[in-house]
Number of protein chains: 2
Amino acid sequence: MARTTFYTAMTLDGFLADEHDGLDWLFVQEQDEQGPLNYDDFIKDIGAIVMGATTYEWLLAHLEKSGEGWPYAMPAWVLTHRDLPGIDGADVRFAQGDVAPLHDELVAAAGGKDVWVVGGGDLAAQFAEAGRLDEVICYIAPVTLGAGRPLFPRPFDFELVEVHQNKAFIAARFEVRGPR
Amino acid sequence: MARTTFYTAMTLDGFLADEHDGLDWLFVQEQDEQGPLNYDDFIKDIGAIVMGATTYEWLLAHLEKSGEGWPYAMPAWVLTHRDLPGIDGADVRFAQGDVAPLHDELVAAAGGKDVWVVGGGDLAAQFAEAGRLDEVICYIAPVTLGAGRPLFPRPFDFELVEVHQNKAFIAARFEVRGPR
């Protein structure tokens with residue numbers, strides 16, 4: 001059965017990004033890219049991804065600035081009410097409305113592989129509320145911001161399945177239990 | 001050299017308590033009381049404690065409700081601008097103003113033992129900003145609340161020193177590095 005995972009990094013005080021969607025606090029941290037719960041191992045099993053409009057726009061700006069190409073080989077969905085530009089040569093599809101039928105589409109597109117909810121926190125929470133999120137894997141950076149974009153803006157219960165140190169980070173995996 | 005530690009529990013999304021100062025989400029979690037970074041081992045080395053007014057009032061209400069006595073053998077300071085009641089038979093002292101001279105008092109009272117900053121997050125951050133906080137030990141519960149009392153309402157850098165699973169919790173220790 002394909003799994004649906006919110007794989008993300010956050011601060012110790014629970015923010016995915018600062019108030020201006022900045023990730024400066026993240027990129028300065030050391031990690032072992034072959035270490036526990038690493039991205040390369042994770043992405044190998046992913047057959048489809050989904051993100052919110054803010055995450056997509058952040059990514060577009062980041063790619064434009066860095067000159068890098070679209071990094072994902074698998075189909076990507078962007079959940080948005082707005083008209084957003086596509087990317088040449090990238091399989092990016094736009095959707096709106098309920099996440100349950102969208103999740104069915106994602107699972108079908110993944111063809112037996114897993115689904116990655118890239119972010120943000122509100123999108124991950126929508127998937128969880130619809131009973132469509134299996135787990136959260138988070139890298140917790142040793143930083144507090146005091147304000148920013150919340151990890152998961154809903155009361156929810158999880159179960160800690162594994163936790164490791166990966167250089168500067170706590171790397172932890174949680175099963176989603178349900179709303180509190 | 002005596003160490004000053006913010007030892008606390010929080011949610012995965014960085015809250016020390018819910019918006020009504022409630023800890024219901026905390027007391028339902030399983031922990032091994034002899035496990036890593038446990039309270040009994042921690043409190044043995046503590047010679048003085050300090051808390052903010054909200055934490056003190058929460059504790060008073062909790063003790064009144066449960067019928068338990070004041071749980072601390074060492075002198076306790078409460079940082080407050082208000083007139084708060086003491087507790088019969090408890091060594092509770094009230095202070096206000098800068099935390100640096102208060103910290104000197106705490107260290108002196110601890111007599112070579114360590115100092116515990118009980119909470120809340122703003123008090124811990126005041127100690128850190130004054131250069132008077134050495135470390136943060138936190139138990140991270142597998143829960144999100146979406147809103148509540150923040151862990152550490154300031155931009156700060158830490159260094160992860162150790163991390164463990166203690167039943168339901170991530171138990172982690174961080175050195176305080178400095179303001180971001």
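**Figure 1. Who does Thr80(A) touch beyond its close sequence neighbours?** Setting aside residues within four places in sequence, the contacts of Thr80(A) are Ala53(A), Phe94(A), Ala95(A) and Gln96(A). Keep in mind that this is a predicted model. Thr80(A) sits in a loop of chain A, with strand 4 (76–79) on one side of that loop in sequence and strand 5 (92–95) on the other. Is Thr80(A) buried or exposed? Its relative accessibility is 7%, and the cut-off for buried is under 20%, so Thr80(A) counts as buried. There's a polar detail to look for as well: a polar atom of the Thr80(A) side chain lies 2.9 Å from the backbone nitrogen of Arg82(A).

**Figure 2. Stepping back, here is chain A as a whole, with five helices and 11 strands.** The radius of gyration of chain A is 16 Å, close to the 16 Å that the globule rule gives for 180 residues, so chain A is as compact as a globular protein of that length. Measure the C-alpha trace along its principal axes and you get a span of about 40 × 35 × 30 Å. Of the 180 residues in chain A, 54% are buried. Take the contacts in chain A with a separation of 6 or more: 73% of them link residues 24 or more positions apart. The accessible surface of chain A is about 8200 Å², and carbon and sulfur atoms account for 47% of it. As for charge, chain A has 13 positive and 29 negative charges, and the mean positions of the two sets are 4 Å apart.

**Figure 3. A cis peptide bond links two glycines, Gly119(A) and Gly120(A).** Omega for this bond is about 0°. Where along chain A does Gly120(A) fall? Gly120(A) belongs to the loop between strand 6 (114–119) and helix 5 (121–129) of chain A. Over in chain B, the bond from Gly119(B) to Gly120(B) is cis too, with omega near 0°. Gly120(B) is placed in the loop that runs between strand 6 (114–119) and helix 5 (121–129) of chain B.

**Figure 4. Lys167(A) isn't a glycine, yet its phi is positive.** The value is about 50°. You'll find Lys167(A) in the loop of chain A between strand 10 (156–166) and strand 11 (169–179). With 47% relative accessibility, Lys167(A) counts as partly exposed. Now look at chain B: Lys167(B), also not a glycine, has a positive phi of about 50°. Its place is the loop between strand 10 (156–166) and strand 11 (169–179) of chain B. At 46% relative accessibility, Lys167(B) counts as partly exposed.

**Figure 5. Arg3(B) lies in the segment before strand 1 (4–11) of chain B.** Which residues does Arg3(B) touch, not counting those up to four places away in sequence? The list is Asp114(B), Val115(B), Asp134(B), Glu135(B), Arg173(B) and Glu175(B). With Glu135(B), the side chain of Arg3(B) makes a polar contact of 2.9 Å. Arg3(B) has 26% relative accessibility and counts as partly exposed. For a sense of scale, try Ile87(B): it is 84 residues from Arg3(B) along the chain, and the C-alpha atoms of the two are separated by 27 Å.

How values were computed: Residues are numbered from 1 along each chain as its sequence is written. Chains are lettered from A and ligands numbered from 1 in the order in which they are written. This is a predicted model: local features need pLDDT of at least 70, side-chain atom pairs count only at pLDDT 80 or more; totals for chains, interfaces and linings use all residues. Side-chain values use heavy atoms; hydrogens and water are left out. Helices (H or I, at least four residues) and strands (E, at least two) are DSSP runs, numbered from the N terminus. The radius of gyration is taken over C-alpha atoms; the globule rule is 2.2 Å times the number of residues to the power 0.38. Buried means under 20% relative accessible area, exposed over 50%, partly exposed in between (1.4 Å probe, protein chains only). Contact means heavy atoms within 4.5 Å. Accessible areas come from the Shrake-Rupley method with a 1.4 Å probe; for residues, only the protein chains shown count as cover. Lys and Arg count as positive and Asp and Glu as negative; His and the chain ends are not counted. The place of a charge is taken as NZ of Lys, CZ of Arg, CG of Asp or CD of Glu. A polar contact is a pair of N or O atoms within 3.5 Å; within protein, one must be able to donate a hydrogen and the other to accept it, and residues adjacent in sequence count only if both atoms are side-chain atoms.
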